Each structure stands twice: as structure tokens, then as C-alpha cells.
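Me: Got a minute to walk me through a structure I haven't looked at before? Short answers are fine.

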Amino acid sequence: MTAIPITIRVQAEPFDSEAEVAALTAGRTDVGAVVTFQGLCRSEGGSLAALELEHYPGMAEAEIRRVAEAAAARWPVLGLAAIHRHGKIAPGAPIVLVVATSSHRQAAFEAAAFLMDFLKTRAPFWKKEHHADGREGGWVDARETDDAAAARWGGAAP
């Protein structure tokens, strides 16, 4: 079996989602489905000036790759990409991109959701809020809803 292309990056710069999709589909006639998820920074009703994301370099990429490889073993995907930004992110700006390609839509949908659910709960990222009124906010706690989303995949985490 040929290894599928898996792109994992953690970067400060914005990403180009169209270029990432093109990289996974160029010259491919076996791809019948592309599912993308792009997470954006929310303004939290205008109270947030920026969200600052920190990560554990090397470990974050390794953990995301481990989850992507688990998704590739579970579904017949043809390619995966996960790109996560770090640094100060303004409301409306992209934070994360997940792309899954497959011959059929269901595998692409499932693999993308799986990758995003475990990226949220397993990858070592920390978020700090910076408020619009100049106050420095605190670190954002993990959400029970994220843990519940990951739990739907059953069994132990990848």
C-alpha cells in the first residue's frame, strides 16, 4: 500500500486554503471528495481584540501527525492536511485548516471531523485572550464539549 500524502504544519503566517486543496488534488483523478474545515478567531461579541496561541514546537506537529495517521488507517482517504497557526490572531482571521480527500464523500467527512476533534483535544496548544478594552485576559480552559466530540469516536484516543 502506498503512503498517502499528509501535510502537517504549525506556523505564524496565514495559510492559503485553496493552495492546500490544490496540493492534495493536483493531477489526481481518483479524488472524488474534498472536505475542508477552516476555524476562525471569534470576536466573542466584540470583547476580544486577539487570541494568542502558543504551542509546544515539535510535539504539536508530532501529535497532529499521529492523529492524521490514525484517520488514514481508519478511513480510505487519499490525502490529509492540518495547518494550525500560532501567535496573536485577530477576530475573523483563520486559525486552523483541516483538509481530507477521498474517492467518496463519507470517508472525507469522517476523517476531517475525526482529525479536528482530536486536534482540539490532544495537540499541545494554549490560548490566551486579549480583550478589546485593553485588559489582558486569562488562558482559555479546555471545553467539555470538545472532549465530548472526541469521545464520539469510541475507544481510546488515537
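Me: Asp16 first. Buried, partly exposed or exposed?
Reply: Partly exposed, because its relative accessibility is 45% and that class runs between 20% and 50%. Keep in mind that this is a predicted model.

Me: Where is Asp16 in the fold?
Reply: Asp16 sits in the loop between β1 and α1, and α1 covers residues 17-25.

Me: Which backbone nitrogen does the Asp16 side chain have a polar atom 3.1 Å from?
Reply: That of Glu18.

Me: And how far is Asp16 from Ile83?
Reply: Their C-alpha atoms are 10.0 Å apart. Along the chain, 67 residues separate the two.

Me: Switching to Gln11. Which strand is it in?
Reply: Gln11 belongs to β1.

Me: Is Gln11 buried or exposed?
Reply: Buried. Its relative accessible area is 11%, and the cut-off for buried is under 20%.

Me: What does Gln11 touch, leaving aside neighbours within four places in sequence?
Reply: Ile83, His84, Arg85 and His86. There is also a polar contact of 2.9 Å between the side chains of Gln11 and Arg9.

Me: Which residue of β4 is the bridge partner of Gln11?
Reply: Arg85. β1 and β4 run parallel, with six bridges between them.

Me: What sheet is that part of? What's the strand order?
Reply: An open sheet of four strands, ordered β1-β4-β6-β2, with mixed pairing. β1 and β2 are the edges, each pairing on one side only. From one strand to the next, the twist averages 5 degrees.

Me: Which helices lie on those strands?
Reply: α1 lies across β1, β2, β4 and β6, at about 20 degrees to β6. α3 also packs on the sheet and touches β2, β4 and β6. The direction of α3 makes about 145 degrees with that of β6.

Me: Now the other sheet. What order do β5, β3, β7 and β8 come in?
Reply: β5-β3-β7-β8 is the order, in an open sheet with antiparallel pairing. Its edge strands are β5 (87-89) and β8 (136-139), each paired on one side only. Here the twist averages 25 degrees from one strand to the next.

Me: How many bridges join β3 to β5?
Reply: Three, and the strands run antiparallel. Leu53 faces Gly87 of β5.

Me: And how many between β7 and β8?
Reply: Two, again in an antiparallel pair. Trp139 in β8 is the bridge partner of Lys128. The two strands make a hairpin with four residues between them. In that turn, Gly134 has a positive phi of about 95 degrees.

Me: Helices next. What span should α2 have?
Reply: α2 is residues 59-74, so its 16 residues at 1.5 Å each should span 22 Å. The end C-alpha atoms are 23 Å apart, which agrees.

Me: Which residues of α2 are buried?
Reply: Ala60, Glu63, Ile64, Val67, Ala68, Ala71 and Ala72.

Me: What do the buried residues of α2 pack against?
Reply: Four strands and a helix, namely β1 (6-11), β3 (48-55), β4 (77-85), β7 (125-131) and α3 (105-122).

Me: How about α3? How many residues does it have?
Reply: 18 residues. From first C-alpha to last, α3 reaches 25 Å, close to the expected 26 Å. Its buried residues include Ala111, Phe114, Met116 and Asp117.

Me: Last topic: the largest nonpolar core. Which residues touch the most other members?
Reply: Ile64, Trp75, Leu80, Ile95, Ala111 and Phe114, out of 38 residues in this core. Elements giving two or more residues to this core include β2 (33-40), α2 and β6 (94-102). α3 gives the most, with nine.

Me: Back to Phe114. What is it in contact with, leaving aside neighbours within four places?
Reply: Val67, Ala70, Ala71, Arg74, Trp75, Trp153 and Pro158.

Me: What lies apart from the largest core?
Reply: Another core, of six residues. Among them are Ala81, Ile83, Leu97 and Val99.

How values were computed: Residues are numbered from 1 along each chain as its sequence is written. This is a predicted model: local features need pLDDT of at least 70, side-chain atom pairs count only at pLDDT 80 or more; totals for chains, interfaces and linings use all residues. Side-chain values use heavy atoms; hydrogens and water are left out. The expected span of a helix is 1.5 Å times one less than its number of residues. Buried means under 20% relative accessible area, exposed over 50%, partly exposed in between (1.4 Å probe, protein chains only). Contact means heavy atoms within 4.5 Å. Two strands pair if DSSP finds at least two bridges between them. Axes are lines fitted to C-alpha atoms, for helices over the stretch in contact, and angles run from 0 to 180 degrees between N-to-C directions. A nonpolar core is a set of buried Ala, Val, Leu, Ile, Met, Phe, Trp, Tyr and Cys residues joined through side-chain atoms within 4.5 Å. A polar contact is a pair of N or O atoms within 3.5 Å; within protein, one must be able to donate a hydrogen and the other to accept it, and residues adjacent in sequence count only if both atoms are side-chain atoms.
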